[in-house]
Amino acid sequence: MNGYQEAIEAYLDKHLEEFSECARKIHEFAEPSSEEYQSAALLCDLLEEKGFTVERGLKGQKTAFRAVYGNGPFRIGYMCEYDSLATLHQEDVPYPCGNGGFGHGCGHNLLGAGSAAAGLAVKELIEKYQLPATVVVYGTPAEETLEGKTVMVENGYFRDVDVCLAWHPLDHNDCGEVKFKACAAMTMTFHGVKAHACNCPENGRSALDAAELTNVGCNYLREHIDRDSYLHYSYINGGDRPNIVPDYAKLWYMVRAYTFDQMRALVERIKRVAQGACMMTDTTVEFALIGENHDSKLNFHLASLAYDCMKQIGPPSFTEEEKEYARTIAKAVGISGVEGELDEGLVVPDGTIKKDNGSSDVADVSQIVPVVNINTACYGRRTPNHSWAVTVQADKPAAYKGMNFAAKVLALMGARLATEPELYRQVKEEFDKA
Ligand SMILES: [Zn+2]
């Protein structure tokens with residue numbers, strides 16, 4: 001086993017600059033969800049050049065891909081993400097400096113390159129050390145809109161692997177006992193009647209009033225929902241000119257809950273609030289579901305294996321210069337002392353579910369195949385995710401160290417699962433029972 005570990009570490013350390021450059025380019029491309037053309041092409045080229053057979057574009061998802069190497073019995077899956085976030089463009093300066101463009105405020109540039117690197121390290125083991133495995137690297141677009149993997153699952157992908165090993169860049173190193181919430185996204189379109197806002201407002205019926213009353217109602221609703229549930233909304237359209245009663249308004253809602261059933265029940269309550277707002281304003285509403293994600297099915301055997309592999313490899317240590325940079329960013333976002341330091345430790349698993357505040361389409365994959373999602377420290381602790389502070393840290397040497405650590409752990413996990421049948425038997429048994 002140590003032979004595999006040494007080979008993985010040697011390969012990934014040797015190619016660190018190449019994989020970091022790949023992450024750097026994806027950071028620069030900063031493409032929107034489902035439009036990650038350059039990022040997907042870059043990863044496909046990298047995998048193809050190194051011997052993978054690559055299928056570019058999967059059943060209508062132009063920026064999805066599937067890259068395969070080997071034909072051994074144990075099938076290891078990795079998932080690349082590479083989309084960025086609107087409004088999070090950031091110049092390389094230690095203060096917010098957006099221009100409204102897209103930016104990698106969730107570090108998916110690292111995620112994409114790191115998962116591909118893990119796949120390439122496993123390919124090296126298959127080729128040079130006869131690891132009895134097949135490695136499948138999936139390119140999964142549009143994670144930020146929580147739809148990429150969901151559609152891929154619906155289209156029949158991920159059934160070709162025995163396990164899917166995932167990671168995410170974050171502010172600490174943990175082995176994957178964190179559960180994603182179920183999530184739904186929907187729009188509500190309100191229709192009213194236009195009229196002169198001063199001359200004959202009695203003839204008008206305001207769609208904007210209905211939208212506003214819906215939000216007021218939902219803000220009251222918050223007190224009476226499950227404590228792990230969240231509502232978020234934004235206005236897509238709030239009318240046009242103030243001197244015309246708006247006959248059209250549109251809201252975008254996201255609803256999160258601990259379980260899928262709780263999430264669906266909450267969506268129904270929100271719909272009733274909107275219907276109430278329509279009764280008050282004599283308007284109508286149409287609901288359109290954008291998408292739904294499951295909560296994640298955790299696998300504690302995989303998490304425990306991830307922890308073992310994290311310990312075997314050891315989390316990276318950071319240079320004084322890297323630490324100082326993280327402190328500068330921490331200061332700029334109002335975090336002080338140890339709270340803003342780069343994390344060099346490991347979170348010790350205890351076999352219990354940790355509640356995450358986020359959701360991910362990784363959870364949909366976890367419904368059909370055993371999945372673990374580990375996190376590695378790529379930014380200072382408590383750096384707010386989906387913010388300029390992540391964008392600016394996501395193409396720095398510390399982040400590449402975190403990426404390299406994740407790739408090593410995911411590759412070692414793959415090697416161990418392929419060669420220690422008892423490990424996978426336990427993983428599969430837990431998955432089947434859950
Ligand atoms: Zn993310």
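**Helix 13 and its surroundings**

Let's start with the whole protein: 13 helices and twelve strands. Helices here are DSSP runs of H or I with at least four residues, strands are runs of E with at least two, and both are numbered from the N terminus.

A word on the source. This is a predicted model, where local features need pLDDT of at least 70, side-chain atom pairs count only at pLDDT 80 or more, and totals for chains, interfaces and linings use all residues. Residues are numbered from 1 along each chain as its sequence is written.

Now the overall dimensions. The C-alpha trace spans about 80 × 45 × 40 Å along its principal axes. Of the 434 residues, 51% count as buried. Buried means 20 or more other C-beta atoms within 10 Å of the residue's own, exposed means 12 or fewer, and partly exposed lies in between, with C-beta atoms placed from the backbone.

On to helix 13. It covers residues 421–433, 13 in number. From first C-alpha to last it reaches 18 Å, close to the 18 Å expected at 1.5 Å a residue. That expected span is 1.5 Å times one less than the number of residues.

Which residues of helix 13 are buried? Tyr424, Val427 and Phe431. Seen down the axis, they fall within an arc of 60°, so they line one face of the helix. The arc is taken over directions from the helix axis to the C-beta atoms. An α-helix has 3.6 residues a turn, so residues three or four places apart point the same way.

The face turned away from the buried side carries exposed residues, including Pro421, Arg425 and Lys433.

And the packing partners? The buried residues of helix 13 pack against strand 5 (163–170), helix 8 (300–313) and helix 12 (397–419). Contact here means C-beta atoms, placed from the backbone, within 7 Å.

Conventions:
Two residues are in contact if their C-beta atoms, placed from the backbone, lie within 7 Å.
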